[in-house]
Amino acid sequence: MSRRSITRRSVAFVALVWAIAVLGPAPAPAQTVTGTLFGRVADDGGLVLPGVTVTVESPQLIGGVQSRPTNDSGEFRFPAMPPGTYTLSFELAGFQTLKRERVVLEAGASLAVDVVLRLAGVEETLTVVGETPLVDVRSVQNRETATRDLIENVPTGRTFVDVFNLMPGVVSGNYNVATTGTNSVHGGTVRNNVFSLDGVNVNDPLVAYPSTDVNLETIEEIQVTTAGMSAEFGSASGAVFNVITRSGGNTLSGQLNGYFRDESMQSSNVTDELRAQGVRAGTQLLRASDWGGGLGGPIVKNRLWYFGNYQRVDESRRIINFPPVVEADQDTTFIKLTGQLASRHRIDGFHQYRLRYDEPFIPNVNEQDPGVWRQQRQSNHTVNVKWTGTLSDSTFAEARVSIANQRRFTDFPNANENTYGYQDTSTGQIFGGWYRELARPGFRNSRQFKTDVTHFTTRGVGTHEIKTGFNYDWLINDEYREWLAGARRHILFNGQPDRIMLSNAPVDQKGRVHQWALYVQDQWAMSNRLTLNLGLRFESAEGWVPEGSVGGTNFPREEFPAVRDIVNFSQWAPRLGAVYDVTGDRRTVVKASFGKYYNQVYTSEFGAAVPFAFGSKVYRWNDLNGDLIWQPGEEGALISDSTVPALGRVDPDIKQSFVYSATVGVDRQLTNTIAVGASFIWKKEYDMAETINAAQPFDEAFNALPLTNPLSGQPITIYPLRREFQGIPTVRYYTNPGASSCSFCPDLERKYRGFELTFRRRLANRWQMFSSYVFSKSYGNKGQGHSESQGNVFASPNNLVFANGRLSLDRPHQFKMQGSYEAPFDIMLSASYSALSGTPWARTVRFLRANSPLIVVESQIVVLGEPVGAQRFDMEHDLSFRAEKRMTLGRTRIGLMVDVFNALNLSTVTSVQQTRIDHPDFGKPGDILLPRTLRIGARIGF
């Protein structure tokens, strides 16, 4: 039976299930952009009270107050409520009216507000303040929220990724592209996360990172779900980062803000020990200014609100051992409209535009020559429109449409079409000019449609909150890969001509992914104490390429037709979980979850089968006239060839990689303001895929060469290529490699286990705090970072040497704490502290052609001399403070603040220049922490 026929039957079956779920008594877990307020009303004798009028009001609630009566069981429910602070009122004739004020609802939360009404007495109304429940008694998800209060008050960087890294289990991926950073969560790769704005996926279609930056002044809160994700989410074995944007209100409000720091406001943290290693100055932020403003209010009160914001960022940075100044500037505009079309129908939408320049773009210590500095111009348009409809008191629906467009243009501004590029493989130095291809221009666009229906029912045993939905994603990558200056790279070894690389540029590099999913999730409260979270997701994804072309500089131009069904996956992903209210007072819960999460299919993943993909021919270079410039006729033996079209293919039995994840935890509310939690998290990834060269099977194409490991004096085996396989055209083959690939090949592995503790104290008595500690282990042979998470292990059998060990972003100990205190004289004091284990690394060793007559093709072979994790950088401590003086003049609020970053002025080394033990720069610091730095800021609001 064909794959397509199987897919059609699966689709038909899932569509039937989905239709039944929507039309019948249907299901839903906690929302991701909105939240739910629910509870039970009883008298002081414990009898439930039907017919109690429950009213909710909040500045964040457009359309005015909402009211509805309790049902026969004394229960009430307000779904699809925007996050914010609410007041709930409970009224019934003959009973004292009760008000619950300052009930804080976070996005995604199902908040239980149970009350007891007493017979009417002397006081007609009793007001209770600040008793918001801190424990979610219905959801199994490990979810933390960075509220607006945290974002505004805790000293962090000015990007939303900095806020992500405050959350438990989240660590930086150590790879930032135009402030759009990467994150690893509980051992996942930097490509295993879902990034969304107001609930809609904005992952980059090429690399799966966030496609845009988000100005902090536009954010209402950030919801981070790190485990136990419901069936609503696919491609989320790491985390779901959901950014909820601000809306206007019935009252005109606005804010101006500005932040500034420069070289005179920072210390030097270069120690004598670092100076002895050649470090004269560490990485420094020479100048950074960040200013902007926003305005929001009503166009029509209770009907139509607006909010807009503008931000300008300018930065000058000096990177360690890279003397030139790195410049960046960015403009971001944001506008959002929120409308109450009718009493039960709400619509909102936003448009964000970002324009950023970076030069040099992602430089490294080997790019000292200005001729090889890249400049990138990136623009982003992000559009999102969402409709929310309350179909009945027990059913509501949402539909979203989004467009996330990126346009990138990269250039070598200090080089021209005749400035040739060089690389010395002995030293790693890159110089000259054009040494690689660039996207000129590049388009990375995503389109998404998502709709779901949530229904609450009391049919059968207990209650069901059922969510069923459908989403469709269309991912587009169109890049014109151009390489000027002859589309060649001159490769030297110790300054002498070694090889010449001739590219088949320019290339129309294109890719498409069409994916859709149906899901059903039932949050089934079997009793007042036991809730099951039962979900099932069906996913389908097709990767393909439109027509394209390649060549024209070194090789004839060729045109190619579109190719469909390069990859085509369809599968089921179950999600199971249970929550048990141990004491019955909604203050102590035990929860457990298990889920299967298929990884995202992005357009660069199946490049092996693109018939016109970028490639090159590499020859020995005989520089006949000694001018260090290649001319036709100077090429010697062909070393490798990856230009032959249509040789790539995909394994017909390839499987999409996925992660099994399980959690067990307990949450306990100790007081009205304090809650603690503990969780154990386990993950294992299966069916990892890579592109290998099928023309060089490891068992046949390489010799096993035993040598002596210069690190240990013990035997080590390396794998030089046999001469008869030299120059054979590359056959790109996308498959699930492992032990079946060759006699000495291991299975690909990526595993994680971790124990997480959290402590939260809500603001009371003028102070608040949140802290977390994670003890974990990430191990295997396929790393988590930008480069090693995609295609690093099976590129060569030499990559298998000492491949198993700690993963690249493994940080066994992670402690984080943030807090604030409202001091006298209207001074707000806040602090942030983190202590993270340093990342692991390993020393590498080099074997030259002179080491053995069996090394006949390669000039050198570099392999690990020990497992990753044999070396580890020191623990990174970061302590930052903020002091803000607040003043009020009528309706105007003024805040003047001073931030201190790296208050201890530590200079911990976070990377090295070289891991190769025979290299002159071996072990020298590649980067250290930024020094102690002051930042001044001001904000004016009304």
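In the predicted model, helix H2 (148-153) contributes three residues to the lining of the second largest cavity, which is the largest share supplied by any element. This cavity has a volume of about 90 Å³, and of the 13 residues that line it, those closest to its centre are Ile151, Glu152, Arg158, Leu216 and Tyr259. Besides H2, strand S58 (933-941) also supplies at least two residues of this lining. When the lining of the second largest cavity is divided by class, seven residues are charged, four are nonpolar and two are polar.

A search of the whole structure returns 14 cavities of 30 Å³ or more, and the largest of these holds about 300 Å³ of space. The largest cavity is lined by 25 residues, of which Gly234, Ser235, Asn471, Asp473 and Arg537 are the closest to its centre. Two or more lining residues come from each of the strands S13 (194-197), S14 (200-201), S26 (438-457), S27 (463-482), S30 (507-525) and S31 (530-545). Among these elements, S31 gives the most to the lining of the largest cavity, with four residues. By class, 13 of the residues in this lining are polar, seven are nonpolar and five are charged.

Strand S30, which is one of the elements lining the largest cavity, is paired with S27 as well as with S31. The pairing of S27 and S30 is antiparallel and extends over 19 bridges, and within it Trp524 of S30 is the bridge partner of His464. Strands S30 and S31 likewise run antiparallel and are joined by 14 bridges, with Gln521 standing opposite Gly535 in S31. These two strands, S30 and S31, form a hairpin in which four residues lie between them. Of the 19 residues of S30, 16 are buried, so this strand is largely enclosed by the rest of the structure.

Two cis peptide bonds can be described at proline residues. The bond from Ala505 to Pro506 is cis, with omega near -5°, and Pro506 is located in the loop between strand S29 (496-503) and S30. A further cis peptide bond joins Glu359 and Pro360, with an omega of about -15°, and Pro360 belongs to the loop that lies between strand S21 (345-359) and strand S22 (375-392).

Positive phi angles are found at Ala485 and Arg586, neither of which is a glycine. For Ala485 the value of phi is about 55°, and this residue is placed in the loop between S27 and strand S28 (488-493). Ala485 is buried, with a relative accessible area of 2%. For Arg586 phi is about 60°, and the residue is situated in the loop between strand S34 (563-581) and strand S35 (588-598). Arg586 has a relative accessibility of 13% and therefore counts as buried, the limit being under 20%.

The search of the whole structure finds one disulfide, which joins Cys742 to Cys745 with an S to S distance of 1.8 Å. A disulfide is a covalent bond between the sulfur atoms of two cysteines. The link of Cys742 and Cys745 is right-handed, with 100° about the S-S bond, and both Cys742 and Cys745 are buried.

Met887 is found in strand S54 (residues 876-889). At 33% relative accessibility, Met887 counts as partly exposed, because this value falls between the 20% limit for buried residues and the 50% limit for exposed ones. When residues up to four places away in sequence are not counted, Met887 touches Thr892, Arg893, Ile894 and Leu896. By contrast with these contacts, the C-alpha atom of Met887 is separated by 65 Å from that of Pro611, the two residues being 276 residues apart along the chain.

Methods: Residues are numbered from 1 along each chain as its sequence is written. This is a predicted model: local features need pLDDT of at least 70, side-chain atom pairs count only at pLDDT 80 or more; totals for chains, interfaces and linings use all residues. Side-chain values use heavy atoms; hydrogens and water are left out. On a 1 Å grid over the protein atoms alone, a cavity is a set of points where a 1.4 Å probe fits but cannot get out, and a pocket is an open set with protein on both sides within 12 Å along at least five of seven lines; lining residues have an atom within 4 Å of a point. Grid points are joined across faces, edges and corners, and a volume is the space filled by probe spheres set on the points. Ala, Val, Leu, Ile, Met, Phe, Trp, Tyr, Cys and Pro count as nonpolar, Asp, Glu, Lys and Arg as charged, and the others, Gly among them, as polar. Buried means under 20% relative accessible area, exposed over 50%, partly exposed in between (1.4 Å probe, protein chains only). Two strands pair if DSSP finds at least two bridges between them. A disulfide is a pair of cysteine sulfur atoms within 2.5 Å. Contact means heavy atoms within 4.5 Å.
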